[in-house]
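Me: Hi! I'm new to reading protein models and could use some help with this one. Can we go through it together?

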Amino acid sequence: MKSSSFHLVLSGSWVGAVMVFFSVGVGVGKAEERVISFNQDVRPILSENCFGCHGFDASKRKAKLRLDVPEGALGRAESGEVAVVPGKPQESELWKRLVTQDKEDVMPPIKSHKTLTQSQKDTLELWIRQGAVYQKHWAFEAPRKAPFPKVAGGEVGGNAIDLFLKNGIQRAGLRLSPEADKTTLLRRVTMALTGLPPQIAEVDAFLADTSADAYEKVVDRLLGSRHYGEQMARHWLDVARYGDTHGLHLDNERSMWPYRDWVVQAFNRNQSFKEFTIEQLAGDLLPNPTPEQLTASGFNRCNVTTSEGGAIASEFLFRYAVDRTVTTAQAWMGLTVGCAVCHDHKFDPITQKEFYQLYAFFNKAADPAMDGNAQLTAPVVRLATPEQTVRMGLLDQQVADAQKAFKEGMKALVYQDPAEMDPSIPAKETEKVLIEDAFPEGALVVVQPATEKQTWVTGNEGPVSSGLKSLKIGGSGVAQNFYNKGAAPFEIPSEARVSMMVFLDPVEVPRSVMIQIHSTSGWAHRAIWGDPEGIGFGTLGTTTRYAAGELPPEGNWARLEVDVEKIGLKAGDQITGIALTLAGGVAYFDQVSLSWRVDAAKDPSQSFKVWLAAHEGKETQGFSVAINKVLKTGAAKRTAADHNQLLEYYLSQVCMLTKPVLQPIQNQWTTLKAEREALDKEIPGSLVMKDVPEGRDSFVMSRGEYDKPGEKVLPNVPAVFPALDPAWPLNRLSLAKWLVSDEHPLTSRVTVNRIWQQLFGVGLVKSAGDFGSQGEVPVDAELLDWLAVTFRESDWDIKKLVRLIVTSAAYRRDSGGDNVSWSKDPENRMLARGPRFRLDAEELRDTALACSGLLDLTLGGRGVNTYQPPNIWEPVGFVGSNTRFYKQDRGSALYRRSLYSFIKRTAPPPFMANFDAPSREQSCVRRERSNTPMQALQLMNDVQYVEAARAFAERLIVEGGTPTERVTRAFRTVLGRKPSPEETEIVLGALNQHLATYQQFPDAACRLVLQGESKPNMSLPMPELAAWTLVCNLVLNLDETLTQH
Amino acid sequence: MDPFFEYQLMQTRRQFFGQTGLRLGGLALAQLCGSQLLQGAVTAPNTGNLPPGSVHPPLAGLPHFKPKAQSVIYIHMNGGPSQLDLWDYKPELRERFNQDLPDSVRGTQRITGMTSGQSRFPVAPSMFEFKQYGQSGRWVSELLPHTAKVVDDIALIKTVHTSAINHDPACTFVMTGAEVPGRASLGSWLSYGLGSLNNDLPAFVVLTPQFPSGSNGQALFSRMWGSGFLPGTHNGVALRGVGDPVLYLKNPEGLLVGERRVMLDALNKLNRKGFEKSGDPEIQNRMAQYEMAFRMQTSVPELVDISNEPESVLELYGAEVKKSGSFAHSALMARRLVERGVRVVQIMHRGWDQHGSLPKQLRDQCVDTDQGTGALIQDLKQRGLLENTLVVWGGEFGRTVYSQGTLTKTNYGRDHHPRNFCMWMAGGGIKGGISLGETDDFSYNVTESPVHINELNATILHCLGVDHSRLSVKFQGLDMRLTGVEPLAPVKAILA
């Protein structure tokens, strides 16, 4: 009779746009002995208490007894006993050991601290009595659509989902809550699908729409909203462990947000979950991947990475691959494979070897062990806007033109190396003054000790040899003036001498005077006159303290000169600092010079050959990285192109003969190149996956240690699952395709369960991240399987799935219940009540902003730094990190949706962490929902909420009406519904008290309404605005406001 | 009626949580109900004078046995303080100045990328003088004159070792028992297991004082006091030196205290209506949390107001004590917190990473912290608090005997050294005046009584009456424990 109705549901749109009512007249059967199901009833008990020693992990198995498979339990054990004799508990060793009083024999052993409850023991006894039937773990068998259950008594509203739930609810003895009223329903579904409350106009429209499918129309509208994708992405980003920093050590910023935006868009365009999976796990391996597909592959670049000095590369490559394996298994299969890093999984059939076979898919990733603390650690994809692409093309052209001009200039030039001229150009004596009346420009001079005896003096104040001043140095012991920073270096020509003019004070005669030269090898070049032990720097007898001779006669200027070779310097070295030093007494120093014979054939500023010889094989400060690299490679390995590069550099930047002509043209080229690079930096990029072309061998790592490779393995999937198609290559793309293949038992179940959890607060399997034997069995296995198969058959259509769930009667029920309902099923697992749970951190903040009118609904882009109390980043930030200091954004960025908040993983935004948002350091498939005083403080006092309350209050006042009307509007804005008269009275009571106070203290009112960066409407009476601000603060703190219900 | 007590009454009336309900919602519930209501017949031995209607009761069955300490103050010296220059006295090394560390000592142990490229590993003896102090005659570096005064209260462990060689994993390990992020921290475990003895303050408080500007400060990570897979309620709450001492504690400017009460009264009335309508017990829970938040607005300012501390006490901690955010101030706060029944206080002090300029930096670090540390022990002792407060001091690893960079008589640096380092404990449950373990002549390898980080953490739990092997939570298919899966025991030798 009613079977035709069933067909209606099945053959019609499974999304069930129409409400179908069933009335099944079969009475409930007489209570019989319940039939024990191994998976539902027995496995959880054995898994919790027995499998640790008698399970899958062979290495930890005791007495060679295995209870997870029938062969083990029913066969004869080592001891000769049989653990389980079907039908006969009294003969079963397992049963005897459970109930024995013998402390030695009892199981589980006393030291395990595990005990079975009486009802668990009864279950096991009954199971044995009923024949000890084993089942393969439910989640490892492919889901099948079971026939719809026979429903006993009463009407079943809603869609197919409700057919499944009905019996469980009835068995549990629960009364169904009625359908929620329309405003509640609208707020619930709007919040669930967009993360924002409905606007008053939307409530009115829905109330006015009396058509039978008014609700379904709303659902379709919401599924089409661009905020749907944001809301769905928020949950997926927890799974993907998305963050805006690397997460380890420096925790610098990383550019990953294009991936975040890709996720939003993927949900908005309702990409099938199949493609969603393939692109994220292997977008890079698709044929000619689009930039979007590459961006999607960033899923597995979201893991935390390091660049900590001293970190060992192989260790981190190992960790990254482990993280990607664990995350992928968790996200798609709901499996906790992490335990198999070190040993065979204790509870699920995943051996350690199988773990490393999965890991082998990821262990050839091309990203480096050290992220370089960079924004974009290769491999990356660049995502230019059309304008940027045009500008780039233009600049590329300009750069090419400038390069051409330079090359032509080079070509037009006739340069003959003087070293190769015959006859050669005669040599001439030259001098370069390094210090005359001051240290070189820019030098950061240090005076030690700083006394008045050390100063530059003019001819009126003391002897001066040349120029206008000389430098007086003196003190009781060693005194000196020096610099080694700030000034441009001097290059030493060949056969050079360094000299200084010195005048010894005839009264306070020094013991020794010294000149010290600082080069790239440091302060290692000293010449001393007078007592060679007078100044202790360097080692006497070496170039670090060369005894250059006696002191000159006092009271006269003398030129003290030394060959640079004597102090360890040679042509081409750079002078980067000079110290003038004496021991005891006083002396005047003047003109420090380099002098040499200029022989064009030996002069590096004229001869390329000489210059090259001077710099060959080393790095020189001031040269570009590229030039140094070529020089360092050495002549033997140099290509013609390299040689040409050196010559170009020499002629345009060094050679005094050609530089005046070439340098300007080259500068033009360099400037354009820099502009091109700057543009390149502006173009956003995102981290993507890629494999190293040569591959990387994978091994079973003994005990999970990165440096203990054992058996070599190839990529493969665990044996408990359907095999990989042997025709497929062993890469991530095949793994992804395998995950979404029709036979896969887990992916569809895990996915529908996660979406169920998102909508109802708890999944059909509560342990959304563990579908193994340690996880919870589904509260309704047939429903889960039906949904999983239906989802898969719909080509993994997420919007259809969401629509199906939110249009069920279960979803539409009132979330309140009677005492029986709350006491028998506090977590609402049977779904006799509608969903009710605390909103997530992001929804709470977005709600406040939406009600206030401050909310900025811009989609996408780089993470924003909203209000944050001082000193969140700073106390944890590494000194050199670019996320050490929090720089709050300004203007509308402060009011962006929370999804776009910048997530620094070592110190996540407190407004999120406080409400259980994960730190994104690892994948999270289910958030906790705590309830703490810190949350109350945040919602009452955080400037974001106070400012929102103020802006909200302004809205209420400006829109006008009596206080009662305003309160009504406040409730409707936040909750959709109108307040009851009693509620209005309570709120007005508070309002009047606030008003009275603030009229008495208008200054306090002013201060209150000035919280936050947005400016209040100063034409409003301040006491009134302040009082309404607190009223809005009150309404935004209502439990009902914080709750999805 | 106070909604909190009303809430308790509701619990007994409704009795809605059976064993199954006591998981997530129930956990929050356990936070709020008097332990006696939930635990029924379970007798908890000496939970340490729980206040009536405790907001943070212990888990059923905890503590596992009579605790010696009811609170712990953990002074984490972040960066890896040099054991050779502070506690592990090796006078013979002076004769080996600048000699190469024998290969036989170093063996095949891995070293960090920072010194693995060094051509030689010259021995750098400590340039600091050591003297013997106290009845125990403990050798202590001249850098720690104040801590030296309390050595007879201290059990020094010279042989702590870890498996991590870099800061990030090592800090994560020492605080959460695993190198990889995601686990629950020591403090969170204790908060979860033991609850708090104060209804008006969080159970687990963290302080991050400033450190000398010239020192090499490494990063901290909020995961070091994060609750990982435990409910967020057990996150360490930062007591901050700048801004509000507790996040969002202060009413906004212009919000007069009386108005907050008016708002809360209205909120309670409205929420009660909501509860009557839906029957969701979580609403009662929320009301109680708002009330606790209100109480914290009084209790926390009272906590951080040190104006009534006697001058003699302030002098003990030194002049810096009056500067909010200094180490000395944090040390005093730690005492005030445990005095008020806060279960776990962590002081995370940075700057102990002396790769170079060790003599100068280490001296600065000690000047910054030594007096506060010594004062804390003395202060706790004179108030009779030391016998039920466990104090732990130490970093995430030690430092090498060989110099990193140039070695001179007056300057050297040291690289990370996970093989052995020094930590100490004092107070409740600890035998004072002893030293455990020995290292070789180079303080490079343990020769006697190694103590692994997991054993150290098991010892801390033990002092607080917790059997580390029985404090576990199921997560991702595993029974997660602070101390890992390998069998191990607390360090008996240092237990009183």
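Reply: Happy to! Let's begin with a term: a pocket is an open set of grid points where a 1.4 Å probe fits, with protein on both sides within 12 Å along at least five of seven lines. Keep in mind that this is a predicted model.

Me: Okay, so how much space lies in the second largest pocket?

Reply: That pocket holds about 610 Å³ of space. It is lined by 24 residues, and the closest to its centre are Glu491(A), Pro604(A), Ser605(A), Val654(A) and Lys659(A).

Me: Which helices and strands supply at least two residues of that lining?

Reply: In chain A, the strands β4 (428-435), β9 (490-491) and β17 (586-598) each do, and so does the helix α20 (640-654).

Me: And how do the lining residues divide into nonpolar, polar and charged?

Reply: There are 13 nonpolar, seven polar and four charged residues in the lining.

Me: Switching topic: how many residues of chain A and chain B are in contact?

Reply: On the chain A side there are 90, in contact with 88 residues of chain B. The size of an interface is often given as the accessible area lost when the parts come together. Here the buried area is about 7500 Å², with carbon and sulfur atoms giving 57% of it.

Me: What about salt bridges, how many are there between the chains?

Reply: Eight salt bridges are counted between chain A and chain B. One pairs Lys114(A) with Asp479(B), where the closest N and O atoms are 4.0 Å apart. There are also 36 residue pairs in polar contact between the two chains, counting pairs with both residues at pLDDT 80 or more.

Me: Which parts of chain A touch chain B?

Reply: Several helices each supply at least two residues to that side, including α15 (313-333), α33 (981-1000) and α35 (1022-1037) of chain A. The touching side of chain A has 38 nonpolar, 30 polar and 22 charged residues.

Me: Last topic, the backbone. Where are there cis peptide bonds?

Reply: One joins Gln448(A) and Pro449(A), with omega about -20°. Pro449(A) sits in the loop between β5 (445-448) and β6 (455-458) of chain A. Another runs from Leu62(B) to Pro63(B), with omega near -5°, and Pro63(B) is in the loop between α3 (35-39) and β1 (71-77) of chain B.

Me: Why point those out?

Reply: Because most peptide bonds are trans, and most residues other than glycine have a negative phi. On that second point, Asn270(A) is not a glycine, yet its phi is positive, about 50°. Asn270(A) belongs to the loop between α12 (257-268) and α13 (273-282) of chain A.

Key:
Residues numbered from 1 in each chain as written. Chains lettered and ligands numbered in written order. Predicted model: local features only at pLDDT ≥ 70, side-chain atom pairs only at ≥ 80, totals over all residues. Heavy atoms only, no water. Contact = heavy atoms within 4.5 Å. Buried area = accessible area lost by both parts, 1.4 Å probe. Salt bridge = Lys/Arg side-chain N within 4 Å of Asp/Glu carboxyl O. Polar contact = N/O pair within 3.5 Å; in protein donor to acceptor, adjacent residues only side chain to side chain. Helix = DSSP H or I, 4+ residues; strand = E, 2+ residues; numbered from the N terminus. Nonpolar A, V, L, I, M, F, W, Y, C, P; charged D, E, K, R; others polar. 1 Å grid on protein atoms, 1.4 Å probe; cavity = no way out; pocket = protein on both sides within 12 Å on 5 of 7 lines; lining within 4 Å. Points joined across faces, edges and corners; volume = space filled by probe spheres on them.
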